[in-house]
Amino acid sequence: MEKKDTRSGFGDGLYELGLKNKNVVGLCADLTGSLKMNKFQDEFPDRFFQMGIAEANMISMAAGLATAGKIPFTGTFANFSTGRVYDQIRQSVAYSDKNVKICASHAGLTLGEDGATHQILEDIGLMKMLPGMTVINPCDYNQTKAATIAIADHEGPVYLRFGRPKWPIFTEEGKFEIGKALHMRSGTDVTIFATGHLVWNSLEAAKALAEEGISAEVINIHTIKPLDNKAILDAVAETKCVVTAEEHQMNGGLGDSICQLLARHTPLPVEMVAVNDSFGESGTPMELLEKYGLGIKDVVAAAKRAIARK
Amino acid sequence: MKKSIAELKDYVAQTRRDIVRMVHGVQSGHPGGSLGCAEFLTVLYQNVLRHSPDNFNMDAKDEDVFILSNGHISPVYYSALAHSGYFPISELATFRKINTRLQGHPTTHEGLPGVRIASGSLGQGLSVACGIAQAKKLNKEDKLVYVLMGDGELQEGQVWEAVMYAAHNKVDNLIATVDVNGRQIDGDTKDIMGFTDLKSKFEAFNWNVISMDGNNLEDVQDTLSKAGVLSGNGKPICILMNTEMGNGVDFMMGSHEWHGIAPNDEQLANALAQNPSEIGDY
């Protein structure tokens with residue numbers, strides 16, 4: 001299967017946007033190559049702003065550009081896109097209702113060798129708590145590219161989260177619908193709700209479960225906020241138990257959002273595949289996913305636990 | 001039509017009345033810094049900005065823009081906006097009250113015409129202004145972006161990120177005014193985290209720096225005109241505006257004590273007696 005990094009999906013999507021929408025502008029804090037923003041920079045130099053290593057200024061300046069009618073896409077690592085600039089996002093972007101697209105690469109453990117300083121695992125939580133913020137975590141190159149293009153047409157602040165490693169491409173090219181859960185695989189024993197890189201692990205886990213006679217449904221929740229409540233509640237109506245899977249802290253992530261929804265509507269057993277109140281460390285992406293319990297076998301085990309609790 | 005100095009004086013007196021009445025009315029808010037900036041915002045809104053108060057557009061296409069970075073001086077800002085026609089003067093009576101568009105710190109969130117960004121958490125306005133200024137350059141507009149910051153606010157590191165950015169990128173349609181009143185909540189700025197020679201600091205970053213007496217209407221008028229002339233010459237412009245916190249209300253001057261407290265009934269009457277105006281209260 002072909003593999004490509006999701007950040008390249010962002011870079012290619014941004015370039016396409018640049019061709020068709022002259023209001024789209026790019027800002028980057030000294031990570032143009034890492035964010036794959038070079039093509040946009042080369043083709044549209046007037047609409048590209050090199051911000052230097054000054055993320056706070058970048059976010060507030062993006063709010064200014066949005067005030068004047070531009071559609072700014074900011075680019076830096078997820079850590080520097082969120083935690084470092086939370087107050088700028090809160091006041092100048094979210095509370096001020098600005099049409100800023102905060103595009104965050106190298107999210108989660110799969111950043112790899114750089115270690116925990118750069119592996120933010122709290123960003124989804126930080127961003128989803130902000131009123132009016134849309135939070136999107138696509139699963140592969142195609143979906144990241146489509147999401148990048150789609151958010152330009154969405155009026156309002158968006159947090160778009162993607163990653164560094166080369167990852168299987170398993171979704172079709174095409175349109176991205178914000179807030180619409182994607183059904184990836186049918187099943188009747190358990191529903192696995194996954195986001196980002198963990199969608200792939202969940203599909204692989206569903207295959208392994210099938211070999212043991214367990215039928216697992218897999219749903220791709222690329223948009224964590226607004227959550228597709230209806231799709232989630234419809235899915236669990238038959239399976240009656242749930243696994244959530246994400247490259248994020250258990251606190252504040254996708255699983256937490258789904259637990260809130262289920263608790264209010266239809267309490268069911270939930271097992272969460274996520275990082276459990278811990279920082280990451282250096283290692284290869286695959287080693288880290290294994291060590292922190294986000295591997296394929298961890299999703300398999302979680303599914304069995306969920307079913308046992310029915 | 002531009003207002004004469006005599007007319008502006010009347011507006012300044014009315015603005016001072018509005019400030020102390022608003023803060024008194026809700027027994028909260030920031031009168032000191034607001035009073036110090038009354039002349040500046042009066043001249044800016046009555047005589048300098050090329051804008052359309054009766055037809056407010058968020059994107060300010062082909063208009064000058066003012067961004068208030070030190071949002072706590074919202075009373076003077078709201079007064080200037082109301083008296084230039086952005087919203088009814090009577091609405092000043094709702095300042096800081098439940099369901100108001102005149103929030104404690106300015107916001108776009110309640111839809112108040114004239115406000116283009118929320119401010120209150122300090123240090124962000126210069127960056128926002130840089131963004132609007134860069135958008136105007138992309139649009140090939142010749143209009144200007146003004147921003148006001150407090151001198152204490154310069155302790156925020158983000159300000160210097162934006163100072164560096166604006167100079168490096170020749171954002172020369174940007175006029176940043178610093179309210180140098182030498183005071184902040186905990187005391188005098190020189191004792192809390194002093195600046196030696198702000199002029200040299202901005203010049204070292206390659207800004208064009210001019211100074212004015214912010215409580216002298218003629219000087220404010222002349223200096224803002226001069227700043228306009230200096231724009232478009234490859235450097236952002238900084239105006240170091242020396243002011244007296246609490247200016248125009250004698251018992252509020254000379255200390256930082258009136259940064260964020262409200263006058264009582266007696267103090268209000270005293271302040272109003274010092275500032276008669278022909279314009280009329282809200």
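Two residues are in contact when heavy atoms of theirs lie within 4.5 Å. With that in hand, we can start where the two chains of this predicted model meet. By this definition, 27 residues of chain A are in contact with 26 residues of chain B.

How much area do chain A and chain B bury between them? The size of an interface is often given as the accessible area lost when the parts come together. Here the two chains bury about 2,200 Å², and carbon and sulfur atoms account for 54% of it. On the chain A side, the residues that lose the most area to chain B are A:N57, A:Q91 and A:Y95, which together make up 27% of what that side buries.

Let us look at what kind of contacts cross this boundary. Between chain A and chain B there are zero salt bridges, while 17 residue pairs are in polar contact. Three elements of chain A give two or more residues to the side that touches chain B: β3 (48-50), α3 (55-67) and α5 (86-94). Of these, α3(A) gives the most, with nine residues. Sorted by class, that side of chain A has 10 nonpolar, 10 polar and seven charged residues.

Helix α5 of chain A deserves a second look. Its buried residues are A:Q88, A:I89, A:Q91, A:S92, A:V93 and A:A94. What do they pack against? Within chain A, their partners are α3, α4 (78-81), β5 (101-105) and α6 (123-128), and from chain B they are joined by α5 (125-138) and α6 (157-168).

Now turn to helix α3 of chain A, where you will find A:T67. Is A:T67 buried or exposed? With a relative accessibility of 3%, A:T67 counts as buried. Its side chain reaches the backbone oxygen of A:A63 at 2.8 Å. A general point about helices helps here. An α-helix has 3.6 residues a turn, so residues three or four places apart point the same way. The side chain of A:T67 also makes a polar contact of 3.1 Å with the side chain of A:K98. Setting aside residues up to four places away in sequence, A:T67 touches A:K98 in its own chain, and B:M58, B:D59, B:R116, B:I117 and B:I132 across the boundary.

Another residue to visit is A:R7, found in helix α1 (residues 6-20) of chain A. Although arginine is counted as a charged residue, A:R7 is buried, with a relative accessible area of 13%. Its side chain reaches the backbone oxygen of A:R164 at 3.3 Å. Beyond its neighbours within four places in sequence, A:R7 is in contact with A:S34, A:L35, A:K36, A:S105, A:H106, A:F162, A:G163 and A:R164.

Salt bridges are absent between the chains, but the structure holds 28 of them over all chains. One of them pairs A:D256 with A:K128, with the closest N and O atoms 3.0 Å apart. This pair links distant parts of the chain, since A:D256 sits in helix α10 (residues 254-265) and A:K128 in helix α6, 128 residues apart. A:D256 is partly exposed, at a relative accessible area of 22%, whereas A:K128 counts as buried at 14%.

Chain B has a salt bridge between B:R183 and B:E244, at 3.8 Å from N to O. B:R183 lies in strand β4 (residues 183-184) and B:E244 in the loop between β7 (237-242) and α10 (265-273), so the pair ties together parts that are 61 residues apart in sequence. B:R183 counts as buried at 17% relative accessibility, and B:E244 as partly exposed at 25%. A further salt bridge, of 3.7 Å, brings together the side chains of B:D188 and B:K190. B:D188 is partly exposed, with 22% relative accessible area, while B:K190 counts as exposed at 62%. Salt bridges that share partners join B:R183, B:D188, B:K190, B:D191 and B:E244 into one network.

Last come the cysteines. How many disulfides does the whole structure contain? A search over all chains finds zero. Why is A:C139 without a bond? Its closest cysteine sulfur, in A:C103, is 17 Å away, which is too far. In chain B, B:C238 is in no disulfide either, and the nearest cysteine sulfur, that of B:C130, is 12 Å away. A:C139 is buried, with a relative accessible area of 0%, and B:C238 is buried with a value of 0%.

How values were computed. Residues are numbered from 1 along each chain as its sequence is written. Chains are lettered from A and ligands numbered from 1 in the order in which they are written. This is a predicted model: local features need pLDDT of at least 70, side-chain atom pairs count only at pLDDT 80 or more; totals for chains, interfaces and linings use all residues. Side-chain values use heavy atoms; hydrogens and water are left out. Buried area is the accessible area (1.4 Å probe) that two parts lose on being put together, summed over both. A salt bridge is a side-chain nitrogen of Lys or Arg within 4 Å of a carboxyl oxygen of Asp or Glu. A polar contact is a pair of N or O atoms within 3.5 Å; within protein, one must be able to donate a hydrogen and the other to accept it, and residues adjacent in sequence count only if both atoms are side-chain atoms. Helices (H or I, at least four residues) and strands (E, at least two) are DSSP runs, numbered from the N terminus. Buried means under 20% relative accessible area, exposed over 50%, partly exposed in between (1.4 Å probe, protein chains only). A disulfide is a pair of cysteine sulfur atoms within 2.5 Å.
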